[in-house]
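Q: I would like to go through this model with you, a few residues and contacts at a time. Please keep the answers plain.

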Amino acid sequence: MTGTRITFRRVVRAEWTKLWSLRSTWVSFAVFAGLIVFFGLVQSRLTAGHLSKPGGDPGHDAVSAAMNGYSGLAPFAVGVLGVLVVSGEYATGTIRATLSAVPRRLPVLWAKVVVFGAAVFGLSLATAVAVFLGSQWFFLSGTRLSASLATPGVVRSLVGAALDASLLGVLSVGLGALVRSTAGGITAMVGLLLLLPGLVHFLARDSSIAAYLPANAGQSLMSLTGPAGALGPWTGLAVLCCYPAAVLGAAAFLLVRRDV
């Protein structure tokens, strides 16, 4: 490597190669996409059943029914993999070689964020479009929730679903870099997505606080019509960006301050 200039582009290329060389990447992404498709189609089928009843309230719009999988178990597949992208290198000791090749350190973190975020976004967008079209084709076409990609707000909602998953992936990378432990990073992710909403529900006097939690802010991105009290799509995106930004800021500060 002597005489070779280390550029951010080369660091990104190296991280891209490392990501796709891991078997866990393929397994996690397959589980992620499979769960989104499965739960999206199941919810669309249930929604169509409600629509067939006189005065039935589907409880979903044309997009949120298909995007049901994004609020279930699927995000945890991305979250676990995002933590492993960083913590796995600390566990095996390969992080020493990585940081020796890139002494400035921070480009490594930013490259992991760019690579993982882009990979999750691409997969999520393709999956969101596929499950939306599938839900319309099999269950919702001909109902009052019939829609297409040309329907106002649909493309925005599908892109929003992909952004939600991508930002969750970036957040998980940040948690892995912050705690440098697979168990610790996964525990933090589960606490943020599952335990924190429950605590807010039972302890907060102002129920509107819940709208600013990651899961609820993400839901505002992938719905055509949000429920009462929900954030608007752009506000939800801004709130959702704050979580990975805060975690990555702390992780970057510690990365340059502490030993490997």
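Q: Which helix holds isoleucine 186?
A: Isoleucine 186 is placed in helix H7, which spans residues 182–203. Helices here are DSSP runs of H or I with at least four residues, and strands are runs of E with at least two, numbered from the N terminus.

Q: Is this a predicted model, and how are things counted?
A: The model is predicted; local features need pLDDT of at least 70, side-chain atom pairs count only at pLDDT 80 or more, and totals for chains, interfaces and linings use all residues. Residues are numbered from 1 along each chain as its sequence is written, and side-chain values use heavy atoms, with hydrogens and water left out.

Q: Back to isoleucine 186: buried or exposed?
A: Isoleucine 186 counts as partly exposed, because its relative accessibility is 26%. Buried means under 20% relative accessible area, exposed means over 50%, and partly exposed lies in between (1.4 Å probe, protein chains only).

Q: How far is isoleucine 186 from glycine 226?
A: Their C-alpha atoms are 29 Å apart in space, with the two positions 40 residues apart in sequence numbering.

Q: And leucine 84, where is that?
A: Leucine 84 belongs to helix H3. With a relative accessibility of 30%, leucine 84 is partly exposed. Its C-alpha atom is 15 Å from that of threonine 98, which is 14 residues away along the chain.

Q: Which residues touch the most other members of the largest nonpolar core?
A: They are Phe32, Met67, Tyr70, Leu109, Phe116, Phe132 and Leu158, out of 49 residues in that core. Such a core is a set of buried Ala, Val, Leu, Ile, Met, Phe, Trp, Tyr and Cys residues joined through side-chain atoms within 4.5 Å.

Q: Which elements give residues to this core?
A: Those that give two or more residues include helix H1 (8–20), helix H2 (23–51), helix H3 (74–92) and helix H9 (233–257). H5 contributes the most, with 12 residues.

Q: What about H5 against H6, at what angle do they pack?
A: Helix H5 (residues 106–140) and helix H6 (residues 154–179) pack at about 145°, and their axes are 8 Å apart. The axes are lines fitted to C-alpha atoms over the stretch in contact, with angles from 0 to 180 degrees between N-to-C directions.

Q: What kinds of residues make up that contact?
A: The contact of H5 with H6 has 19 nonpolar, 5 polar and 1 charged residues. Ala, Val, Leu, Ile, Met, Phe, Trp, Tyr, Cys and Pro count as nonpolar, Asp, Glu, Lys and Arg as charged, and the others, Gly among them, as polar.

Q: Moving on, where is arginine 105, and what is its phi?
A: Arginine 105 sits in the loop between H4 and H5. Its phi is near 70°, a positive value in a residue other than glycine. At 18% relative accessibility, arginine 105 is buried.

Q: And arginine 180?
A: Arginine 180 has a phi near 60°, a positive value in a residue other than glycine, and lies in the loop between H6 and helix H7. Arginine 180 is partly exposed at 27% relative accessibility.

Q: Last topic: how many disulfides are there?
A: A search of the whole structure finds 0 disulfides, a disulfide being a pair of cysteine sulfur atoms within 2.5 Å.

Q: Why is cysteine 241 without a bond?
A: The closest cysteine sulfur, in cysteine 242, is 7.2 Å from that of cysteine 241, so it is too far for a bond. Cysteine 241 is partly exposed, with a relative accessible area of 32%.
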